[in-house]
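Colleague: I should like to learn how to read the features of a protein model. May we go through them in turn?

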Amino acid sequence: MEFIEGCKIDNLEGIEAMGFDLKTIARELNRIFCKQIFEHGYVHCDPHAGNVFVRPNPTNGLKPQLVLIDNGLYREYDEEFRLDYANLWLSILNRDEEKIAYFSSKLGCSSHRMFSSILTARAWDTDLNSALTEIEKHKLQSALQEKFSEISQILQDIPSPLILLLKTNDLIRHLNVNLVGGIPIDFFTMTLKYCQESINQKLIAESGGSFTVRFRIFLNDFFIHIKLF
């Protein structure tokens, strides 16, 4: 048992009083959960504001440290699931509809376009590198009303481990909205980075560190970044 000093992540005045920038806190929050989901496969699935504290880093008080408490709802994801989920996100960010459909199906969802929108909280045909506009917000609200039964069926059909990740995504999204007014555009850049790194590590391990595979990965990463950014 440990007493955690600091303030809850939704205490914006308290965070700023410690001298920390809210965008920095949002970026660190997103980094932590990208690493948990795509790299470690061991995820705190209940990151609401009362379970995430901000404090000065004990080794460097000029930097913030986020502390996750109430560890009763961690979920462990095996390598196959973690890589399928990473490949799904990578396909969404790369706008590869064939692969989006394939990996959505592997994860238990046949309605890949709707599932993509559920994951990103963005319209299917939107540019993820652009800020969320009022027009897109209205479009999403209308789709939620019109497609409510389809969305409900998707949530009933997909496996419970994936439901927990969707819940985690929603909670992280809510914290981002509170911190900086919405999901930062660089969230998707960070997601891309950790998805690609996770997939690359598997390819390199399977090839025994082959130079050819490493070079192919380098070229693939290069062209994906050009296409996206």
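Colleague: What share of the 229 residues in the protein chain is buried?

Modeller: The model is a predicted one. A residue counts as buried when its relative accessible area is under 20%. Buried residues make up 43% of the 229 residues here.

Colleague: How does one judge the overall form of the protein chain, and what radius of gyration does it have?

Modeller: One compares the radius of gyration with the value for a compact globule. With 229 residues, such a globule would have a radius near 17 Å, and the protein chain agrees with this because its value is 18 Å. Along the principal axes, the C-alpha atoms fill a box of roughly 50 × 50 × 35 Å. The secondary structure comprises ten helices and five strands.

Colleague: Which share of the contacts with a separation of 6 or more joins residues 24 or more positions apart?

Modeller: Such residues account for 69% of those contacts in the protein chain. As for the outside, the chain exposes about 12700 Å², and carbon and sulfur atoms supply 55% of that area.

Colleague: How is the length of a helix checked, taking α8 as the case?

Modeller: One multiplies a rise for each residue and compares the outcome with the distance between the helix ends. Helix α8 covers residues 160-180; at 1.5 Å a residue its 21 residues should span 30 Å, and the end C-alpha atoms are 30 Å apart, so the two agree. Among the buried residues of α8 are P161, L162, T168, N169, R173 and L179. G181 follows α8 and has a positive phi, near 85°.

Colleague: Why may helix α5 be called largely enclosed by the rest of the structure?

Modeller: One counts the buried residues. In α5, residues 112-120, seven of the nine residues are buried, and therefore the helix is largely enclosed by the rest of the structure. The buried residues are H112, M114, F115, S116, S117, L119 and T120. They pack against α3, α4, α7 (148-157), α8 and α9 (186-207). Just after α5, A121 takes a positive phi of about 55°.

Colleague: Is N87 buried or exposed?

Modeller: N87 has a relative accessible area of 19%, which means that it is buried, since the cut-off is under 20%. N87 belongs to helix α3. Leaving aside neighbours within four places in sequence, N87 is in contact with F103 and I199.

Colleague: Which sign does phi have at D70, and where does D70 lie?

Modeller: For a backbone angle, one notes the sign and then the kind of residue. D70 is not a glycine, yet its phi is positive, about 55°. D70 lies in the loop between β4 (60-68) and β5 (74-76), and its relative accessible area of 47% makes it partly exposed. R95 also is not a glycine and has a positive phi of about 55°. The loop between α3 (79-93) and α4 (97-106) holds R95, which counts as partly exposed at 47% relative accessibility.

Colleague: Which residues make the nonpolar surface patch of about 450 Å²?

Modeller: In a patch of this kind, one looks for nonpolar side chains at the surface. F211, F215, F218 and L219 make the patch, whose area is about 450 Å². F218 is placed in helix α10, residues 211-228. With a relative accessible area of 51%, F218 is exposed, because the cut-off is over 50%.

Technical notes:
Residues are numbered from 1 along each chain as its sequence is written. This is a predicted model: local features need pLDDT of at least 70, side-chain atom pairs count only at pLDDT 80 or more; totals for chains, interfaces and linings use all residues. Side-chain values use heavy atoms; hydrogens and water are left out. Patches are made of residues with over 30% relative accessible area and no salt bridge: like charges are joined within 9 Å, nonpolar side chains (Val, Leu, Ile, Met, Phe, Trp, Tyr) within 5 Å. Accessible areas come from the Shrake-Rupley method with a 1.4 Å probe; for residues, only the protein chains shown count as cover. A salt bridge is a side-chain nitrogen of Lys or Arg within 4 Å of a carboxyl oxygen of Asp or Glu. Helices (H or I, at least four residues) and strands (E, at least two) are DSSP runs, numbered from the N terminus. Buried means under 20% relative accessible area, exposed over 50%, partly exposed in between (1.4 Å probe, protein chains only). The radius of gyration is taken over C-alpha atoms; the globule rule is 2.2 Å times the number of residues to the power 0.38. Contact means heavy atoms within 4.5 Å. The expected span of a helix is 1.5 Å times one less than its number of residues.
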